[in-house]
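Student: Please give me a close reading of one helix and its surroundings in this model. I should like to see how the part is set within the fold, and what stands out in the backbone around it.

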Amino acid sequence: PDSPSSSAVPETFRRRDRLRRWKVLAGIGLFFLAFGSCGALLVMQPLLTTPRGEPAIPVEAGRLEAHVRYLSEACLPRDWRGPGLAKAGEYIEAAFRASGGRVSRQTFEVQGRTSANVIGTFGPEEGPRIVVGAHYDAHGELPGADDNASGVACLLELARAFGRMAPAQRVDLVAYTLEEPPFFRTPEMGSVRHARLLKEAGSDVTAVLVLEMVGRFTEAPATQRYPSAVLDALYPDRGDFVLVAGRLGDIGLTRQVKAALAGTTPLPVRSLNGPRWIPGMDFSDHYPYWDQGFTAVMVTDTAFYRNTDYHTANDTADRLDYARMAQVVQGVHAAVTRLAKRAH
């Protein structure tokens, strides 16, 4: 993908893209009117007006870059067998403490090695909670700057914000371990263990937001791919947006998160609610919460559908757009703040 400094796409491209999407959307809408049962498969949620969001908090792009560089360079490798994984966990714990969070670890043994989810809690001790998570391990001996040092960096800056002004409702910021192969989609995933722990404890969870690869953006045409021709017709072909994705049952949370993102920053935001069989819909740490009956969405730059450096040595810190990552932090902070106020 082109670097973040690429020149903006001319407005004619934007108008053509909007017209194409609305034509296709209208055609699909007519199809669903004729064959109503098919309408349950996919819900696209365009925002016809820009909602009013929370005030945007200050977020320094340089701090985000420093986090990503430490995780992807100083902690290399941070796969399940690498010494960098424990080092990354210690860095995250120290950052949570420095922000004023109440820090805990969910520790467990996997194949003779100790692994841990690192949790920073902000706001009230008791009552319902909101969970915001991101995995801090990387695939193999690769830097994993976008995947997923970007999500963790945003988590750490959210901690800093909630340390300055505590949320009205309890917020648990969770850095998961063992999301990557060979443990992906196994009971050993850190998020599987965390979701199960919440269920067993009878915890009241208002919402779960998972940050999965949020650092790659470009305005160049033909840089965004999708898992189906239908989605290709409905969504932009430029990777300049952040996506909020969830199941059909997560539409309410998806709308709230999308509205907060769109109302707080100029970063384009899209949403998708559909079945889990859409490729990529459940490819991160949000799906274990679905399995335990919690409402959860993923906030993402769409991962390998945009980032051609996914799971390669080229997924490095110099290729991320930290200014737009800062906007992701601002939007997610606004979403969590709004959710906390409504539940309080």
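Tutor: Helices and strands are taken here as DSSP runs, numbered from the N terminus, with at least four residues of H or I for a helix and at least two of E for a strand. The model is a predicted one. In these terms the protein chain has nine helices and nine strands, and 56% of its 344 residues count as buried. Among contacts with a separation of 6 or more, 77% join residues 24 or more positions apart.

The helix I shall take is α3, residues 83-98. Its 16 residues should span 22 Å at 1.5 Å a residue, and because the end C-alpha atoms lie 23 Å apart, the expected and computed values agree. The buried residues of α3 are Gly 84, Leu 85, Ala 88, Gly 89, Ile 92, Glu 93, Ala 95 and Phe 96. A general point helps in reading such a list: an α-helix has 3.6 residues a turn, so residues three or four places apart point the same way.

The partners of these buried residues are both helical and extended. They pack against the helices α2 (61-74) and α4 (145-164), and against the strands β2 (102-110), β3 (113-122) and β5 (170-176).

The backbone on either side of α3 deserves attention. Pro 77 sits in the loop between α2 and α3, and the peptide bond that joins Leu 76 to Pro 77 is cis, with omega about -5°. After α3 comes Gly 100, with a positive phi near 95°.

Phe 96 leads from the helix to the interior. In soluble globular proteins, nonpolar side chains tend to be buried together. Here, the largest nonpolar core has 66 residues, and Phe 96 is among those with the most contacts inside it, along with Leu 64, Val 68, Val 132, Leu 173, Leu 209 and Val 257. Val 68 illustrates the reach of these contacts: beyond its neighbours within four places in sequence, Val 68 touches Glu 73, Ala 145, Ala 149, Ser 150, Ala 153, Ala 317, Leu 320, Tyr 322 and Met 325. Another core, of 27 residues, lies apart from the largest one and includes Ala 245, Leu 272, Ile 278 and Tyr 289.

Two of the partners of α3 have backbone features in or after them. The helix α4 is mostly covered, with 17 of its 20 residues buried. Its end C-alpha atoms are 27 Å apart, which agrees with the 28 Å that 20 residues should span at 1.5 Å each. Within α4 is Asn 148, and a cis peptide bond, with omega about 5°, joins Asp 147 to Asn 148. As for β5, the loop between β5 and α5 (190-200) holds Leu 178, which is not a glycine and yet has a positive phi of about 55°. Since buried means under 20% relative accessible area, Leu 178, at 1%, is buried.

In summary, α3 packs through its buried residues against α2, β2, β3, α4 and β5, with a cis bond between Leu 76 and Pro 77 in the loop between α2 and α3, and Gly 100 with its positive phi after α3.

Conventions
Residues numbered from 1 in each chain as written. Predicted model: local features only at pLDDT ≥ 70, side-chain atom pairs only at ≥ 80, totals over all residues. Heavy atoms only, no water. Expected span 1.5 Å × (residues − 1). Buried < 20%, exposed > 50% of the residue type's maximum accessible area, 1.4 Å probe, protein only. Contact = heavy atoms within 4.5 Å. Core = buried A, V, L, I, M, F, W, Y, C linked by side-chain atoms within 4.5 Å.
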